[in-house]
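Student: I would like to learn how to read cysteines, cavities and cores in a structure file. Where do we start?

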Amino acid sequence: MFRHTKAVLEKLRHVRLKCQQLPRRQRSTAAKEKALHYNAGQQIHGFTVKEVVAVPDLFLTAVKLTHDKTGAQYLHAARDDPNNLFSVQFRTTPMDSTGVPHILEHTVLCGSKKYPCRDPFFKMLNRSLSTFMNAFTASDYTMYPFSTQNEKDFQNLLSVYLDAVFFPCLREQDFWQEGWRLENENPTDASSPLVFKGVVFNEMKGVFSDNESVYGQHLQNKLYPDHTYSVVSGGEPLAIPDLTWEQLKQFHATHYHPSNARFFTYGDLPLEQHLKQIDMEALSKFDRIDPNTQVPSQPHWTSPRHDHVTCSPDPMAPDQSRQNTLCVSYMLGDITDTFEAFTLSLLSSLMTSGPNAPFYKALIEPKIGTDFSSVVGYDGSTKEASFSIGLQGMAEADSEKVKNIIHQTISDIIAKGFEDERIEALLHKLEIQMKHQSTNFGLSLASYIASLWNHDGDPVELLQINNSVTKFRQALKENPRFLQDKVQHYFKENTHRLTLSMSPDDSYLDNQARAEKDKLQEKISALSDGDKKEIYEKGLQLLDAQSKTQDASCLPALKVSDIAPTIPITPVLMSSAEGVPVQFCEQPTNGLVYFRAMCSLNTLPEDLKLYVPLFCSVVTKMGCGDLDYRQQAQQMEMRTGGMSVSPQVISDCSSLDMFEQGVLLSSSCLDRNVPHMFQLWQDIFNSPHFDDEERLRVLVMMSAQELSNGISYSGHMYAVTRASRHLTPAGDLHESFDGMEQVRFMKRIAEMSDLTQVIRMLPRIKKHILNPVNMRCAINATPQQVSESAAHVESFMKDVAAKRKHFKAVRPNIIQRPLDVLSDSGPSRKLVNDPDFHPCYMKTFFQLPFPVNFVSESVRTVPYNHEHYASLCVLARMMTAKFLHGEIREKGGAYGGGAKMGGGVFSFYSYRDPNSVQTLSAFRRGVEWAKLGQFSQQDIDEAKLSIFSSVDSPVAPSSKGLSVFLSGLTDEMKQGHRERLFAVTHENILDAAERYLCAGHKTCGVAILGPENDAIKKDPSWVVK
Ligand SMILES: [Zn+2]
């Protein structure tokens, strides 16, 4: 996987310092206290302890060590969290765009000395209970993290990871498969034309089919033009074929060395065991080298620069005539200066985030563009940080205007500064982020410290966030112009700034295709007949290797018997407030209260349905009660951890023709702010503001732009949703809310010159949705807070109940399901039943300007509680691992592909796929493969392990009890499913494949998103959109 600039940014914008206090396990009585007993200077298994620091804000103890022989650096965060994490990162600083670090990241995972079987990484996914396994290539480091809750699994995975990165086979064949190769289009036909193939080659074509990625990449390359940031670490598609196998091996020898490595472990497992294993299996076999991989400082420009790039036109863009992007990017200071980086990142939020931020007021609200540029705000992923500000979706003619506004806004900020209230709101947000408990805290920490540590900054200092907060408050007290002076220095007076514009070019895709053709021709014309023969033979060899049944017995594995036979029960308590059911779940939430409410859509007229997602995205952002939208945003930031509303389509566990439709309200706050949080909801229920057309237009444009940008990223989800549309009534509504239909609908709304018609819809929708008659609530809080929260829910309900309205349900068949499993007479969920629903066959093609496809076929099967459901889950997982992965990724060159079960629908899919209809036949061959039944008990067990690793993935205290609240999925039903999963046999799987997936028996839908496609155009069975 390539973590390109945009993803890094997104990651940083969303970095949450989440804390988690899970029930302690027997084996680790207070890991963080134990770790305090280490002493600086102490020697453990070839390492020397350098520093031991308690970080009470994050409930952990940090232990910093160095490996004596190699100089490898090590950080351990001891914390009473059983979801243990390991990560090793190498500083990888390429000086060309061949994608060498990225291709290396892929190839080291293709087999190693101790584990020589092909692709041990993917195989371990099925032999482990890992909660996370992946690898990332960033601009200047490559990271390999995994996490698991099982001690033996940790040791197994650690062994595989260490061997992969330090002793990989790096076979030539792996390089061809993962990197690039010339091969006959049809490898078994020597006369078919030679083409480029390779996983990374296609992955990067996919990445750069996204205009936001294109822009982010150019911006980084041009802002830091003098060293490694001037190249594409993931690989420029047309530069990738310049990489040789020898260069790849050389890069490994110089970069993947312990002297260039940083190890991070996290959780409640003992540190000694990790150190011992890492030293024994890897580090002791190396001597120290000088890796010489430092990134030098970027020399500061003496005058600002300007540049321009082009991209492909976006037919989904809300306004075709406004597709330009322009932003100004400033180089800031070195990220290893922790406090300066902290200050600049806060400053960036003050300047850009939320409707009270000066840049939001100056750039977004005048509607010059659809949204901020894809790169915006503070970015600390490079050695010197940057700050970017600009717009996308703007007209070229407005360029000068935008530049002037940016410079003027900076001057205004220097003159006026920020309101104290906003600074407090931001610090409050930080407090919530530190208290909120997530399930992947270890991984968040690893990503949070990666960049700074990579440039030899002190990761422990970075973890001591409260020190920075204290220092920040002090600085503000001593100098009220502290922030303004920073803006003066880093923005007004900074000559190292780049103004980069991007505009669509109609011939962009043709030019790219031509350039690829030329590159291919250049490679081919250099080939002798002998070379061509060799290519053909190598192609056959690769195909042969890919088709061979692989022996993975060298790999360590957990057994099905290592899986816990039962799940822990989550107790919840049903109560009511003013007749509205309320579920309470007592959890160690660390001083936060989580409130949710599910509101039914059963009475909402059909003509308003498509507007529901829009309603959800604006209802908490347009003002309410006495607050205008700015004051409302301010209150939310000051008093809550966020308030949001989202549409829900929930398939019934027992019938495919039944579903619940609603919207979910979610919010959280610190204990002390519960009354404020309910006051805000009360105002939203009683007097939301909907009539500000200007405000609505801003929100509409931003969501339309976001939807349009998201397709190239989650195209497979759109394909699956579309393919499932005609299979179940829930699938149909799901497409309206989350599918291509919604994308197109929002585009139409964004194009309207007059939104009064939309404005009239919103209060009509509100009347039906924010109505206590069809509502239920849930509270997750600490036992002490539960009763206090109950009183607040009660008075909230009392207030809004006055507005109670009774409407008739729109659909005739409404089925009630009890909310409390123990009482049939109590409150219930109201489900829509559509017994006359006729699933139908439909093939849909969406032509989009991507060089790759997203392909899906979905088949209607059985609901969750059905006896065959578990067999279908195992079948999907096994078919993915044992057949589809090989066909679609390894042979087909797609970035990914597989099968999955969800909502009673079995779906095949491919991701960033160079093939389209050919992949549909791979799906069919998958079914044939399953019917042959040539899979072993080991294959079945592996599929089960892989399913359980997701079934048993940790649930945060804030989300406990939610599955029963939302879907009526009780612990008993989960346990039943669990037992059926354990019991699935070879025969069950064959039967499921035969019964549900074979042609003739099945009802299926097909959808492809991709570039112009002649085969589909000529075939009248396709509906082309
Ligand atoms: Zn990749």
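Tutor: We start with burial: a residue is buried when its relative accessible area is under 20%. This is a predicted model. At 13% relative accessibility, Cys873 therefore counts as buried. Cys311, at 2%, is buried as well.

Student: How many disulfides are found in the whole structure?

Tutor: A disulfide needs two cysteine sulfur atoms within 2.5 Å. The search finds 0.

Student: Why is there no bond at Cys873, and why none at Cys311?

Tutor: The closest cysteine sulfur to that of Cys873 is in Cys653, and at 12 Å it is too far for a bond. For Cys311 the closest is in Cys327, 14 Å away, so that pair is too far as well.

Student: How do I read empty space, and how many cavities of 30 Å³ or more are there?

Tutor: Rolling a probe the size of a water molecule over the atoms shows where empty space is left. Here the search finds 9 such cavities. The largest has a volume of about 380 Å³. Among its 31 lining residues, Asn211, Asp314, Gln705, Ser708 and Asn709 are the closest to its centre.

Student: Which element gives the most to that lining, and what is its make-up by class?

Tutor: Helix 24 gives the most, with 5 residues. By class, the lining has 15 polar, 11 nonpolar and 5 charged residues.

Student: Which residues touch the most other members of the largest nonpolar core?

Tutor: Phe264, Phe359 and Phe491 do, in a core of 142 residues. Beyond its sequence neighbours within four places, Phe491 has contacts including Tyr330, Met351 and Arg497.

Key:
Residues numbered from 1 in each chain as written. Predicted model: local features only at pLDDT ≥ 70, side-chain atom pairs only at ≥ 80, totals over all residues. Heavy atoms only, no water. Core = buried A, V, L, I, M, F, W, Y, C linked by side-chain atoms within 4.5 Å. Buried < 20%, exposed > 50% of the residue type's maximum accessible area, 1.4 Å probe, protein only. Contact = heavy atoms within 4.5 Å. 1 Å grid on protein atoms, 1.4 Å probe; cavity = no way out; pocket = protein on both sides within 12 Å on 5 of 7 lines; lining within 4 Å. Points joined across faces, edges and corners; volume = space filled by probe spheres on them. Helix = DSSP H or I, 4+ residues; strand = E, 2+ residues; numbered from the N terminus. Nonpolar A, V, L, I, M, F, W, Y, C, P; charged D, E, K, R; others polar.
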